Structure formats: C-alpha cells, structure tokens
Amino acid sequence: MTALFEDKVIVTTEKTKYETKITKGKHQWIADEPTDKEGTDLGPMPTELLASSLGACTTITIRMYADRKGYALDSVSVQVSIDKRSPEDHKFIREVELKGNLKPEERDRLYSVANACPVHKILSGKIEIETLLLP
C-alpha cells in the first residue's frame, strides 16, 4: 500500500465476519458488530468509535485547557450519542460533566472550549471523502 499521508490508520477485515482489526503505529484495537447483526461483539461498532473519538477529543481538550489555566478541575466526563434522524441527517449529542471546585466563569469557559476540540471541528466542517482503489 502506498501512503498518501503519513498519519494513516490501517483497518482490515478478514473472514471473521465483521471483526475488524484497526492499527495505528504500535496501537491496535477492534471494531465489530453486535451479535444481533451477525457480528461477534468483540468491539464497538464503527459509529460508536466515531462517537468515542468526539468524546475523547473533548475530554482531552478540556483537560489541557484547564491544566494550562490552573483550574481546579478534578475530572471531566463526556457522554456522546448519535441521533440518526435519516440516512443523510445526523446529530451528535454531547453531554459534558465537569467535577471540581470551579468558578462559574471557569465552567462557562470550559464549556466553550469543548467546541474547540479538533474532532468537533472536523465533524462540524465540510467533510469530503475520497476513495481510492489500490491495485
């Protein structure tokens, strides 16, 4: 495989139904489908991985900002769900919980910082997908 970009994730599904191996450098994880969809339920569904990317990016972005500003943030938790209105229309619902001895203005700032995470920016921007079939 020829890499067009250095920052690539390799995703492979073999003859193990829907069990999908995902590799990025030294990291590996699995995506799958639940048993009621004929999967083996060895990992989250791809849509759940997408939601988890938004949640992880949000928590990391908030944590980094709070640490830089010296805010008394003990923990941040994010729950993400996807409202699938139609095949073409989706809405991410992100619930952010901040724990710690935060001032109201710090809570407000961290709330706005959530929208600055890179995955949020990607998902809310114009997305183009180019598919190349390799020889």
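This is a short group-meeting talk on the core, the largest pocket, one helix and a few single residues of a predicted model.

Okay, hi everyone. Before anything else, please keep in mind that this structure is a predicted model.

Let's start on the inside. Which residues make up the largest nonpolar core? There are twelve of them: I62, Y65, A66, Y71, L73, V76, V78, L98, L102, L110, V113 and A114. If you want to see where they sit, look at helix α1, residues 46-69, strand β4, residues 73-86, and helix α2, residues 104-114, because each of those gives the core at least two residues. As a bit of background, nonpolar side chains in soluble globular proteins tend to be buried together.

Let me pick out V113 from that list. Leaving aside anything up to four places away in sequence, V113 touches T61, I62 and Y65. I62 and Y65 are also on the core list, so click on those when you want to follow the core around.

Now stay with α2 for a minute. Which residues of α2 are buried? They are E106, L110, V113 and A114. Those residues span an arc of only 105 degrees around the helix axis, so they end up on the same side of α2. Turn the helix over, and on the other side you find P104, E105, D108 and Y111, which are exposed. And what do the buried residues of α2 pack against? The answer is α1, β4, β5, which is residues 89-100, and α3.

There's one more α2 residue I'd like you to look at, and that's R107. R107 comes out at 38% relative accessibility, so we call it partly exposed, since that label covers everything between 20% and 50%. Not counting residues up to four places away in sequence, R107 touches L98 and L102, and both of those are core residues. R107 and E97 are ten residues apart in sequence, with 9.9 Å between their C-alpha atoms.

Just ahead of that helix, in the loop between β5 and α2, is K103. K103 is partly exposed because its relative accessibility is 48%. K103 and A72 are 31 residues apart along the chain, and their C-alpha atoms are 8.8 Å apart.

Right, on to the empty space. Rolling a probe the size of a water molecule over the atoms is how you find out where space is left. How much space lies in the largest pocket? About 880 Å³. The lining has 17 residues, and the ones closest to the centre are V9, W29, L49, L50 and S53. Strand β2, residues 20-24, helix α1 and helix α3, residues 118-124, each bring at least two residues to that lining. The largest share comes from α1, with five residues. What kinds of residues are they? The lining divides into twelve nonpolar, two polar and three charged. So α1 turns up twice in this talk: it supplies residues to the core and to the lining of the pocket.

While we're on α1, have a look at A56, which is in that helix. A56 has a relative accessible area of 37%, so it counts as partly exposed. A56 and I93 are 37 residues apart in sequence and 14 Å apart in space, going C-alpha to C-alpha.

Last stop, the loops. Between β3, residues 27-31, and α1 there's a loop that holds D41, and E38 lies there too. Is E38 buried or exposed? With a relative accessible area of 51%, E38 is exposed, because the cut-off is over 50%. D41, at 49%, counts as partly exposed. D41 touches D32, E33, P34 and T35, again leaving out residues up to four places away in sequence. Then compare D41 with R109: they are 68 residues apart in sequence and 39 Å apart in space, C-alpha to C-alpha.

E38 has another feature to check, a positive phi of about 70 degrees, although it is not a glycine. K17 is also a residue other than glycine with a positive phi, near 60 degrees. Where is K17? In the loop between β1, residues 10-13, and β2. K17 is partly exposed, with a relative accessible area of 39%.

That's it from me, thanks for listening.

Technical notes
Residues numbered from 1 in each chain as written. Predicted model: local features only at pLDDT ≥ 70, side-chain atom pairs only at ≥ 80, totals over all residues. Heavy atoms only, no water. Core = buried A, V, L, I, M, F, W, Y, C linked by side-chain atoms within 4.5 Å. Buried < 20%, exposed > 50% of the residue type's maximum accessible area, 1.4 Å probe, protein only. Helix = DSSP H or I, 4+ residues; strand = E, 2+ residues; numbered from the N terminus. Contact = heavy atoms within 4.5 Å. 1 Å grid on protein atoms, 1.4 Å probe; cavity = no way out; pocket = protein on both sides within 12 Å on 5 of 7 lines; lining within 4 Å. Points joined across faces, edges and corners; volume = space filled by probe spheres on them. Nonpolar A, V, L, I, M, F, W, Y, C, P; charged D, E, K, R; others polar. Arc of directions from axis to C-beta.
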